[in-house]
Amino acid sequence: MAAVLDELDRKILAVIQRDATLSLDDLAKRVASSRTPVWNRMRKLRRAGVIKREVAILDPAAVGMGACFYVLVRTSEHAKDWQQRFLDALHRHPEIQEAHRLAGDVDYLLKVRVEDTADYDRFYQALVAEVSIFNVTSLLSMQELISRTELPLDR
């Protein structure tokens, strides 16, 4: 269930999605409010799980993880124990940035960040050794055109 957000909540969230390092005073100025109401709103939004965490977003190429692969996984197994083994295997691989269970022809979609194709092959070999997978299609992203972390709150 979505949280009920008023105009001030949405302003706060829009600003901190761009820069979560702002001081409370600077944040209050940007949303045209005072420090105490903004502090209370931030606390409420964290408690409600609207703000899940505050992190630094790194440039993957700058830290040696310039290759991005999208991995389409099809499985012929749908038993609960296989799903748990697969999930456990995914958690053991920090190069997986995102993992999604899908509806349609593809069962899972993984976003994997690695150094290069050899590093991807190492990841791939380790994953298929850990859990039986029917079919894997790997797509190398040639260029990232858009990368957003902000959710559009003003729609």
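**Exercise 1. Burial and overall form**

Task: For this predicted model, determine what percentage of the residues of the protein chain count as buried, and then describe the overall dimensions of the chain.

Solution. Begin with burial: of the 155 residues in the protein chain, 28% count as buried. Next, take the radius of gyration, which is 20 Å for the protein chain, whereas a compact globule of 155 residues would have a value near 15 Å. The extents of the C-alpha trace along its principal axes can then be added, and they come to about 55 × 35 × 25 Å. Finally, turn to the surface, where the accessible area of the protein chain is about 10900 Å², with 51% of it belonging to carbon and sulfur atoms.

**Exercise 2. Order of elements, contacts and charge**

Task: Work out in which order helices and strands follow one another along the protein chain, and state how its positive and negative side chains are placed relative to each other.

Solution. Counting the elements gives five helices and four strands. Reading along the sequence, one meets them in the pattern α-α-α-β-α-β-β-α-β. To see how residues distant in sequence meet, consider the contacts between residues at least 6 apart in sequence, of which 66% join residues at least 24 apart. As for charge, the protein chain carries 23 positive and 23 negative side chains, and the centres of these two sets are 9 Å apart.

**Exercise 3. Arg113 and Glu95**

Task: Decide whether Arg113 is buried or exposed, and identify which side chain it joins through a polar contact.

Solution. First locate the residue: Arg113 belongs to strand β3, which covers residues 108-114. Its relative accessible area is 10%, and because buried means under 20%, Arg113 counts as buried. The side chain of Arg113 is joined to that of Glu144 by a polar contact of 3.0 Å. Setting aside neighbours within four places in sequence, the contacts of Arg113 include Pro60, Met65, Cys68, Glu95 and Glu144. Glu95, one of these partners, is placed in the loop between α4 (80-91) and β2 (96-101). With a relative accessibility of 9%, Glu95 is buried as well. Its own contacts beyond four places in sequence include Met65, Lys111, Arg113, Arg122 and Phe123, so that Met65 appears among the contacts of both Arg113 and Glu95.

**Exercise 4. Asp107 and Thr75**

Task: Find which backbone atom the side chain of Asp107 reaches, and place this residue with respect to its surroundings.

Solution. Asp107 sits in the loop between β2 and β3, and at 14% relative accessibility it counts as buried. The side chain of Asp107 comes to 2.7 Å from the backbone nitrogen of Thr75. Thr75 also appears in the list of residues in contact with Asp107 beyond four places in sequence, together with Val73, Arg74, His78, His100, Arg101 and Leu102. For His78, which is 29 residues away from Asp107 along the chain, the separation of the C-alpha atoms is 9.6 Å.

**Exercise 5. Ala89 and Ala32**

Task: For Ala89, state whether it is buried or exposed; for Ala32, do likewise and report its phi angle.

Solution. Ala89 is part of helix α4, and with a relative accessible area of 0% it counts as buried. Residues up to four places away in sequence being left out, Ala89 touches Leu127, Glu130 and Val131. A further separation can be given for Ala126, which is 37 residues from Ala89 along the chain and has its C-alpha atom 9.3 Å from that of Ala89. Ala32, by contrast, is exposed, with a relative accessibility of 70%. Ala32 is found in the loop between α2 (24-30) and α3 (35-47), and its phi is near 55°, which is a positive value in a residue other than glycine.

**Exercise 6. Arg148**

Task: Determine where Arg148 is placed along the chain, and how its C-alpha atom is separated from that of Gln17.

Solution. Arg148 is in the segment after β4 (135-140). Its relative accessible area is 66%, and Arg148 is therefore exposed, the cut-off being over 50%. Although Arg148 and Gln17 are 131 residues apart along the chain, their C-alpha atoms are separated by 10.0 Å.

Conventions
Residues are numbered from 1 along each chain as its sequence is written. This is a predicted model: local features need pLDDT of at least 70, side-chain atom pairs count only at pLDDT 80 or more; totals for chains, interfaces and linings use all residues. Side-chain values use heavy atoms; hydrogens and water are left out. Helices (H or I, at least four residues) and strands (E, at least two) are DSSP runs, numbered from the N terminus. The radius of gyration is taken over C-alpha atoms; the globule rule is 2.2 Å times the number of residues to the power 0.38. Buried means under 20% relative accessible area, exposed over 50%, partly exposed in between (1.4 Å probe, protein chains only). Contact means heavy atoms within 4.5 Å. Accessible areas come from the Shrake-Rupley method with a 1.4 Å probe; for residues, only the protein chains shown count as cover. Lys and Arg count as positive and Asp and Glu as negative; His and the chain ends are not counted. The place of a charge is taken as NZ of Lys, CZ of Arg, CG of Asp or CD of Glu. A polar contact is a pair of N or O atoms within 3.5 Å; within protein, one must be able to donate a hydrogen and the other to accept it, and residues adjacent in sequence count only if both atoms are side-chain atoms.
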